[in-house]
Amino acid sequence: MTGVPASAAGGSAKAKGPVTSAASVSGGASASVSGGASGASGGAKSARGGKLAAAAVDQASVWNIANLLTMLRLLLVPGFVALMLADGGYDPAWRSLAWAAFAIAMITDLFDGHLARAYNLVTDFGKIADPIADKAIMGAALICLSALGDLPWWVTIVILGRELGITLLRFIVIRYGVIPASRGGKVKTLTQGVAVGMYVLALTGWLATLRWWVMAAAVVLTVVTGLDYVRQAIVLRRQGIAERRAASEEADA
């Protein structure tokens, strides 16, 4: 018989099988490499897109409610001064409006920091602008009151000198750590706000006497808490120097 045996035919068919499998493997490998390359490219694009989106979110986060309240407080400063000095500075109606502006500024001071911490809205702008706004409204009120003769200049100098001095002290020791706001400092701020607000209003009689005592308490708290912050700064600096010295000795050993 001249035909090919069945066994030989089967062997020929089996021989073709591996060739086809190799081709499939080759195609799959090339497809996998191509797919992996495109996936890596897509992943890189996604990463870049994510960074751009994050940057956009960071820029937008500056315009949050906490920072807007801080900006409002800054804008209230010139308005407060204008109302305070209107008509010679002694008109009860204008002084009442000035008190309203001062009160709004003090209320926003209570809320913006709380909102920033509670809702993770802390930004570099807020860290810088918030203390500036605080000092600006309080300083404007004290200077206006002293210029009008309602408050002795030494009171204004003591309060503003303390505030500016402690702010400078915080920057000096920040390399060693942060001086946290104490409970006494918060009470001082509240007492100062109440006392200055009472002086802004054109009060007479027993209320005028009461505001003198409230301001006296504010001055005492201002001095005491200021000295406490100085003590904390000295301790923080000593601890920082000791830690650095210990780390240096360990590195040398």
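Start with α3 and α4, whose crossing is left-handed, a label given when the near helix is turned anticlockwise from the far one by less than a right angle, with right-handed used if clockwise. Helices here (H or I, at least four residues) and strands (E, at least two) are DSSP runs, numbered from the N terminus. Select helix α4 as residues 124-147 and helix α3 as residues 92-118. The two pack at an angle of about 155°, with their axes 11 Å apart. That makes α3 roughly antiparallel to α4. Axes are lines fitted to C-alpha atoms, for helices over the stretch in contact, and angles run from 0 to 180 degrees between N-to-C directions. Angles under 35 degrees count as roughly parallel, over 145 as roughly antiparallel, 65 to 115 as roughly perpendicular and the rest as oblique.

A word on what you are viewing: this is a predicted model, in which local features need pLDDT of at least 70, side-chain atom pairs count only at pLDDT 80 or more, and totals for chains, interfaces and linings use all residues. Residues are numbered from 1 along each chain as its sequence is written, and side-chain values use heavy atoms, with hydrogens and water left out.

**The α3 and α4 interface**

Show side chains next. From α3, pick Arg 95, Phe 102, Ala 105, Met 106, Asp 109 and Asp 112; they meet Asp 130, Asp 134, Ile 137, Met 138, Ala 141 and Leu 145 in α4. Contact means heavy atoms within 4.5 Å.

**On to α2**

Now add helix α2, residues 65-85. α2 and α3 pack at an angle of about 160°, with their axes 9 Å apart. That makes α2 roughly antiparallel to α3, and the crossing of these two is left-handed.

Zoom in on Thr 70, which is found in α2. At 2% relative accessibility, Thr 70 counts as buried; the term means under 20% relative accessible area, with exposed over 50% and partly exposed in between (1.4 Å probe, protein chains only). Leaving aside neighbours within four places in sequence, Thr 70 is in contact with Asp 112, Ala 129, Asp 130 and Ala 133.

Then follow the chain to Asp 87, in the loop between α2 and α3. Check the backbone torsions here: Asp 87 has a positive phi of about 55° although it is not a glycine. For context, most residues other than glycine have a negative phi. At 58% relative accessibility, Asp 87 counts as exposed.

**Aromatic pairs**

The structure holds two aromatic pairs. Rings of Phe, Tyr and Trp (its six-membered ring) pair if their centres lie within 6.5 Å; planes under 30 degrees apart count as stacked, over 60 as edge-to-face and the rest as tilted.

Select Phe 80 and Phe 102 for a tilted pair, 5.9 Å centre to centre with 45° between the planes. This pair links distant parts of the chain, with Phe 80 in α2 and Phe 102 in α3, 22 residues apart. Both Phe 80 and Phe 102 are buried.

Next, jump to Trp 212 and Trp 213. Their ring centres are 4.9 Å apart and their planes lie at 85°, so the pair is edge-to-face. Trp 212 is partly exposed, at a relative accessible area of 49%, while Trp 213 counts as exposed at 56%.

**Charges over rings**

Select Arg 211 and Tyr 199: the charged end of Arg 211 sits over the ring of Tyr 199, 4.5 Å from its centre. The criterion is NZ of Lys or CZ of Arg within 6 Å of the ring centre and within 35 degrees of the ring normal. For another example, choose Arg 170, whose charged end sits over the ring of Tyr 229, 5.0 Å from its centre.

**Back to α4, with α6**

Colour helix α6, residues 183-200. α4 and α6 pack at an angle of about 40°, with their axes 10 Å apart. That makes α4 oblique to α6, and α4 passes α6 in a left-handed crossing. Display Met 138, Ala 141, Leu 142 and Leu 145 in α4, which meet Gln 192, Gly 193, Val 196, Tyr 199 and Val 200 in α6.

**Last stop: Arg 244, then zoom out**

Arg 244 is found in helix α7, residues 206-252, and is partly exposed at 48%. Not counting residues up to four places away in sequence, Arg 244 touches Arg 175 and Tyr 176. The C-alpha atoms of Arg 244 and Tyr 176 are separated by 9.5 Å, with their places 68 residues apart along the chain.

Finally, show everything: the protein chain has seven helices and zero strands. Buried residues make up 31% of its 253 residues.
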